Every structure is written in structure tokens, then in C-alpha cells.
Amino acid sequence: MNNLNELSNCGNGRIVLNRYHYFGGLSEQPIMEFCEDNGINLEFIHILWEAFQTNSIPDTQLLMQFDTAMIIEYLEKTHAYYLDKLIPEIELNIFRFAQLLGIEHPIIKHLIIHFDLYKQDLVAHIQDEELFGFTHAKQLLINGVSSLNYKIAHFEIEHEHKEEQLGELLHFLKSNVSECEVLPFKMILSKLELLQRDLFIHSSVEDEVLVPKVRLLERVLLSRHH
Ligand SMILES: [Fe+2]
Ligand SMILES: [Fe+2]
């Protein structure tokens with residue numbers, strides 16, 4: 001917890017807290033106070049924040065100590081952050097970029113088509129996770145049984161990493177666009193990279209924390225029923 005002061009004083013925790021609807025400036029809303037008021041565990045946020053700072057997988061051993069419900073809440077809030085904030089921001093900048101280059105420009109056409117496909121794919125991925133993996137886990141936590149014919153092993157086997165596909169689009173943009181100084185283009189690149197980095201951390205929490213925790217829960221509940 002060496003960096004706890006840095007997290008709370010410098011406001012860098014915002015990159016994680018934005019999904020808990022922390023959008024305030026530090027003078028308006030100090031982070032520690034915000035966490036306290038909203039029942040957010042600051043240590044949990046700190047572990048994730050460190051992963052964002054170093055662009056690496058979070059310390060999964062440490063994350064394993066937190067409640068499964070808290071992990072799921074974070075994952076769900078992250079999904080909502082992608083769909084309600086980050087994706088619309090990227091779309092807005094694509095729209096602005098299209099206004100500059102013209103809708104018929106081949107780069108714009110490529111960007112619109114591929115980003116739209118990507119978005120549809122991500123939406124389906126998120127719906128699938130929430131409908132099966134997360135619902136299954138929540139039912140086990142609340143009721144001790146799941147009404148779904150589902151095991152977390154399915155999630156483990158089928159889980160795709162959505163950050164990987166973003167690499168292709170980023171590569172296309174970086175190698176084909178010469179108007180790189182215009183603001184909407186810079187925003188598109190930085191927000192796509194942000195989404196890519198966020199998804200990398202998000203997927204690792206799903207694989208390395210949620211899956212083992214739910215697998216353990218399944219085992220404990222199964223042994224209880226026998
Ligand atoms: Fe997810
Ligand atoms: Fe996922």
C-alpha cells in the first residue's frame with residue numbers, strides 16, 4: 001500500500017473509479033471519501049490501479065482475497081463503462097473524423113465498418129458473459145444452486161480475449177492515416193488503446209480471479225450436496 005497516498009492524492013485512481021461513476025475533480029471529491037461514501041474497497045481499487053499503471057496483469061493472488069460478489073460487481077461495472085462511455089466516445093470521434101475527411105473516404109469507410117463489427121462482437125461477448133457466467137456465479141452465491149445448466153469450466157474454455165482484435169484496427173489506422181495531427185484522430189487512437197489496455201486487465205480478472213473463485217465455489221457446494 002505504498003502508493004495509497006499517491007492514489008488518493010493525485011487522482012490517478014480515476015482510471016479505475018470512473019466505472020463507479022467517479023468523474024469529479026479531486027477538490028470536489030477526494031478519492032478516499034468517495035470510496036467510503038459508496039462502499040468501495042480502496043485496497044481493491046488500488047490493486048487494479050497498479051495494473052493500469054504498469055499495463056500488466058493485476059496481482060491475482062491479492063484479488064483472490066476479495067469477495068466474489070465484489071469481483072463480479074467490478075466486472076459488470078466495467079462492461080457498462082465500455083458500453084455507455086468508452087465506446088460512445090470512440091464513436092463520437094469517428095463521427096468528427098468523418099466530418100473532416102468525408103464519409104466516402106476509404107479510411108473512414110474501413111474505420112466505420114470495422115469498428116461497428118467490433119462493437120457488435122463486444123456487445124455479444126458481454127451479454128453472453130452476463131447471461132451465463134455471471135448469472136451462474138451470482139445464483140451460486142445467493143442460492144447455493146444455479147438454475148442454469150452451466151459450469152464455470154464453459155466460461156474458461158470459451159472465453160475470448162476481445163483486446164486482441166483491436167490490434168488489427170489500431171495497426172490499420174497507424175499505418176494508413178497521415179492526417180495524424182487532427183484531434184479526432186488522436187482521440188480515436190488514444191481511446192482505442194485505452195480500451196485495449198482496459199480489456200486486457202479485464203479479461204485477466206475474469207480468467208485468473210473469477211474463474212478460479214467460482215470453480216472453488218462449485219466444488220464446495222457440490223461436496224455439501226453429497
Ligand atoms: Fe467481460
Ligand atoms: Fe470477457
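## The α6–α7 pair

Let's start with two helices lying side by side. The axes of helix α6 (residues 68-101) and helix α7 (residues 106-143) come within 11 Å, crossing at roughly 170 degrees. Angles over 145 degrees count as roughly antiparallel, so α6 is roughly antiparallel to α7. Sorted by class, the residues in the contact of α6 with α7 are 21 nonpolar, 2 polar and 4 charged.

One thing to keep in mind while you look around: this is a predicted model.

## The chain as a whole

What does the protein chain contain in the way of helices and strands? There are 10 helices and 0 strands, so reading along the sequence you just get α-α-α-α-α-α-α-α-α-α. The C-alpha atoms fill a box of roughly 65 × 45 × 25 Å, taken along the principal axes.

Of the 226 residues in the protein chain, 23% are buried. Now take the contacts between residues at least 6 apart in sequence: 69% of them join residues at least 24 apart.

## Two domains and where they touch

The domain assignment splits the protein chain into domain 1 (4-54) and domain 2 (66-225). Their C-alpha centres are 21 Å apart. Domain 1 puts 8 residues into the contact, and domain 2 puts in 6 residues. What sort of residues does domain 1 have on the side that touches domain 2? That side divides into 5 nonpolar, 2 polar and 1 charged.

## The largest nonpolar core

The largest nonpolar core has 24 residues. If you want to find it on screen, try Ile 45, Leu 48, Ile 71, Leu 75, Val 205 and Leu 210, which have the most contacts inside this core. The elements giving two or more residues to the core are α2 (14-17), α3 (31-37), α4 (42-54), α6, α7, α8 (152-158) and α10 (183-225). Helix α4 gives the most, with 6 residues.

Where does this core sit relative to the two domains? Domain 1 (4-54) and domain 2 (66-225) both give residues to the core, so it lies between them.

## Two core residues, and a second core

Ile 45 is one of the residues with the most contacts inside the largest core. Setting aside neighbours within four places in sequence, Ile 45 is in contact with Gly 13, Val 16, Leu 17, Cys 35 and Ile 40. There's also a second, separate core of 11 residues, which includes Ile 90, Phe 97, Ile 188 and Leu 195.

Back in the largest core, have a look at Ile 71, which lies in helix α6. Is Ile 71 buried or exposed? A residue needs 20 or more other C-beta atoms within 10 Å to count as buried, and Ile 71 has 21 C-beta neighbours inside 10 Å, so Ile 71 is buried. Leaving out neighbours within four places in sequence, the contacts of Ile 71 are Leu 63, Phe 66, Val 205, Val 209, Leu 210 and Lys 213. As for Glu 156, Ile 71 is 85 residues away from it in sequence and 16 Å away in space, C-alpha to C-alpha.

## Loop residues worth a look

Which loop holds His 21? His 21 is found between α2 and α3. Its phi is positive, about 65 degrees, although His 21 is not a glycine. With 13 other C-beta atoms within 10 Å, His 21 is partly exposed.

The loop between α4 and α5 (60-63) holds Asn 55, and Ser 56 is found in the loop between α4 and α5 too. Asn 55 is not a glycine, yet it has a positive phi of about 50 degrees. The cut-off for exposed is 12 or fewer other C-beta atoms within 10 Å. Asn 55 has 10, so it is exposed, and Ser 56, with 12 C-beta neighbours, counts as exposed as well. Ser 56 and Phe 44 are 12 residues apart in sequence and 16 Å apart in space, C-alpha to C-alpha.

Further along, Glu 160 lies in the loop between α8 and α9 (163-176). Glu 160 has 11 other C-beta atoms within 10 Å, so it is exposed. How far apart in space are Glu 160 and His 125? They are 8.3 Å apart, C-alpha to C-alpha, and 35 residues apart in sequence.

How values were computed
Residues are numbered from 1 along each chain as its sequence is written. Chains are lettered from A and ligands numbered from 1 in the order in which they are written. This is a predicted model: local features need pLDDT of at least 70, side-chain atom pairs count only at pLDDT 80 or more; totals for chains, interfaces and linings use all residues. Helices (H or I, at least four residues) and strands (E, at least two) are DSSP runs, numbered from the N terminus. Two residues are in contact if their C-beta atoms, placed from the backbone, lie within 7 Å. Domain bounds come from an automatic or database domain assignment. Ala, Val, Leu, Ile, Met, Phe, Trp, Tyr, Cys and Pro count as nonpolar, Asp, Glu, Lys and Arg as charged, and the others, Gly among them, as polar. Axes are lines fitted to C-alpha atoms, for helices over the stretch in contact, and angles run from 0 to 180 degrees between N-to-C directions. Angles under 35 degrees count as roughly parallel, over 145 as roughly antiparallel, 65 to 115 as roughly perpendicular and the rest as oblique. A nonpolar core is a set of buried Ala, Val, Leu, Ile, Met, Phe, Trp, Tyr and Cys residues joined through C-beta atoms within 7 Å.
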